[in-house]
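Biologist: Could you walk me through this one, question by question? I'd like the reasoning along with each answer.

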Amino acid sequence: MGRLLRLPLYLAALTMLVPFYWMAAAAFKPVPELTRNPPSFVPGDPTLDAFYEPSYDPGVRADQTVAGLFQRYPDVPGGFLRFMGNSLFVAATITVLSLLIAALAAYALTKMDLPGRRAIFVVVVASMMIPWQVTLVPNYLIVRNLEWLNSYQGYIVPALAKAFVVFFLVQYMRSIPDDLVHAARVDGAGEFRIWWRVVMPLMRPALAAMAILVVLAEWNNFLWPLIIVQDDTMANVPVALSRLNASNAFNPNNMAVIMAASLLTSLPTVIFFLAFQKHFTRGIALSGIKG
């Protein structure tokens with residue numbers, strides 16, 4: 001009976017794993033096998049041509065010989081690795097800075113005698129009810145007027161204010177006894193030192209849970225980078241993948257390259273999840289997010 005009840009879970013897992021396997025297998029198929037009908041489920045002749053095609057010559061036109069993924073983007077320093085570097089730098093920077101800012105805000109709202117802190121917290125919570133799409137145009141106009149389009153600060157600064165992270169850290173920080181903070185003040189410690197040396201070490205579980213969610217969200221962020229990025233050099237991985245797919249969608253010979261790019265795009269998140277699976281599960285449980 002127990003196995004029967006778990007059957008929907010197995011089917012749901014299968015619907016998610018099969019497309020991922022199909023993508024990974026297609027990335028290692030040669031072009032003739034990739035375009036063959038009926039398709040093969042397991043690559044009969046695995047190859048790395050989708051990543052680097054040794055026989056590709058830009059001056060020679062061949063029907064089934066296309067440039068590998070790392071042979072494309074000649075005008076972009078580093079090629080496809082540049083996009084992965086952009087995504088890694090932006091996701092890491094936003095995660096670190098947004099968590100520090102949110103932790104400072106949570107400390108001020110819970111451990112300091114701040115005038116109007118209840119009203120401020122209500123405003124923070126209320127801002128979570130506003131659809132993020134509403135802020136796209138105002139944020140774009142601000143970033144454009146600051147001449148931050150196509151720049152890292154255009155990526156990072158608008159993403160630093162995260163109301164949900166503040167809300168979550170406030171709830172967690174309230175579980176830390178105020179006596180610890182009062183004792184540190186009696187010993188002569190300043191507020192910043194108390195926040196960094198006393199409170200932050202106790203916040204590690206909550207910070208780890210939020211860090212995982214923020215990293216995954218920023219790595220997969222697509223719409224905002226699509227709006228502010230104007231050339232390939234500053235594109236992140238989702239934008240580069242979208243442009244690669246749009247420019248080669250009608251050429252079946254390029255499908256292996258698109259699958260190779262998709263595989264490289266998804267691998268960091270898969271590795272990240274496997275490495276921090278316990279923290280990720282705990283973060284979902286702590287934050288009460290379902291699905």
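Modeller: Sure. First, a term: a nonpolar core is a set of buried Ala, Val, Leu, Ile, Met, Phe, Trp, Tyr and Cys residues joined through side-chain atoms within 4.5 Å. And keep in mind that this is a predicted model.

Biologist: With that in hand, how many residues are in the largest nonpolar core?

Modeller: The residues with the most contacts inside that core are F80, F83, L169, V199 and M203. Helix α3 gives the most to the core, with 11 residues. The core's full count is 68 residues.

Biologist: Which residues does F83 touch, leaving aside its neighbours within four places in sequence?

Modeller: F83 belongs to the group with the most contacts inside the largest core. Once those sequence neighbours are set aside, the contacts of F83 are Y73, V76, D232, A235, N236, V237 and A240.

Biologist: V76 turns up there. Is V76 buried or exposed?

Modeller: V76 sits in the loop between α2 and α3. Beyond its neighbours within four places in sequence, V76 is in contact with R82, F83, D232 and T233. Its relative accessibility is 6%, and the cut-off for that class is under 20%, so V76 counts as buried.

Biologist: And how far apart in space are V76 and R185, C-alpha to C-alpha?

Modeller: In sequence, V76 and R185 are 109 residues apart. In space, the C-alpha to C-alpha distance between V76 and R185 is 53 Å.

Biologist: Now the helix packing. At what angle do the axes of α3 and α10 cross?

Modeller: α3 covers residues 80-111 and α10 covers residues 204-219, and their axes come within 9 Å. α3 passes α10 in a right-handed crossing. The crossing angle is roughly 145°.

Biologist: How many nonpolar residues does the contact of α3 with α10 have?

Modeller: On the α3 side, the contact includes M84, L88 and I94, and on the α10 side it includes L207, V214 and W219. By class, there are three polar residues and one charged residue in the contact of α3 with α10. The nonpolar count is 11.

Biologist: On to the rings. What class of aromatic pair do F28 and F51 form?

Modeller: A pair of aromatic rings is described by the distance of the centres and the angle of the planes. F28 and F51 are 5.6 Å apart centre to centre, with 40° between the planes. F28 is in the loop between α1 and α2, while F51 is in the loop between α2 and α3, 23 residues apart. The class of the F28 and F51 pair is tilted.

Biologist: Is F28 buried or partly exposed?

Modeller: Its partner F51 is buried, with a relative accessible area of 11%. F28 has 26% relative accessibility, and the buried class ends under 20%, so F28 counts as partly exposed.

Biologist: Which residues form one aromatic cluster?

Modeller: The count comes to 13 aromatic pairs. The members of one aromatic cluster are F121, F164, F167 and F168.

Biologist: Any backbone oddities? Where is the cis peptide bond with omega near 5°?

Modeller: The proline of that bond, P38, lies in the loop between α2 and α3. The cis bond runs from N37 to P38.

Biologist: Last one: is E147 buried or exposed?

Modeller: E147 lies in the loop between α5 and α6, and has a positive phi of about 60° although it is not a glycine. N150, in the loop between α5 and α6, also has a positive phi of about 60°, but N150 counts as buried at 18% relative accessibility. E147 has a relative accessible area of 69%, and the cut-off is over 50%, so E147 is exposed.

Note on methods. Residues numbered from 1 in each chain as written. Predicted model: local features only at pLDDT ≥ 70, side-chain atom pairs only at ≥ 80, totals over all residues. Heavy atoms only, no water. Axes fitted to C-alpha atoms, helices over the stretch in contact; angles between N-to-C directions. Helix = DSSP H or I, 4+ residues; strand = E, 2+ residues; numbered from the N terminus. Left-handed = near helix turned anticlockwise from the far one by under 90°. Contact = heavy atoms within 4.5 Å. Nonpolar A, V, L, I, M, F, W, Y, C, P; charged D, E, K, R; others polar. Buried < 20%, exposed > 50% of the residue type's maximum accessible area, 1.4 Å probe, protein only. Phe/Tyr/Trp six-rings, centres within 6.5 Å; stacked < 30°, edge-to-face > 60°.
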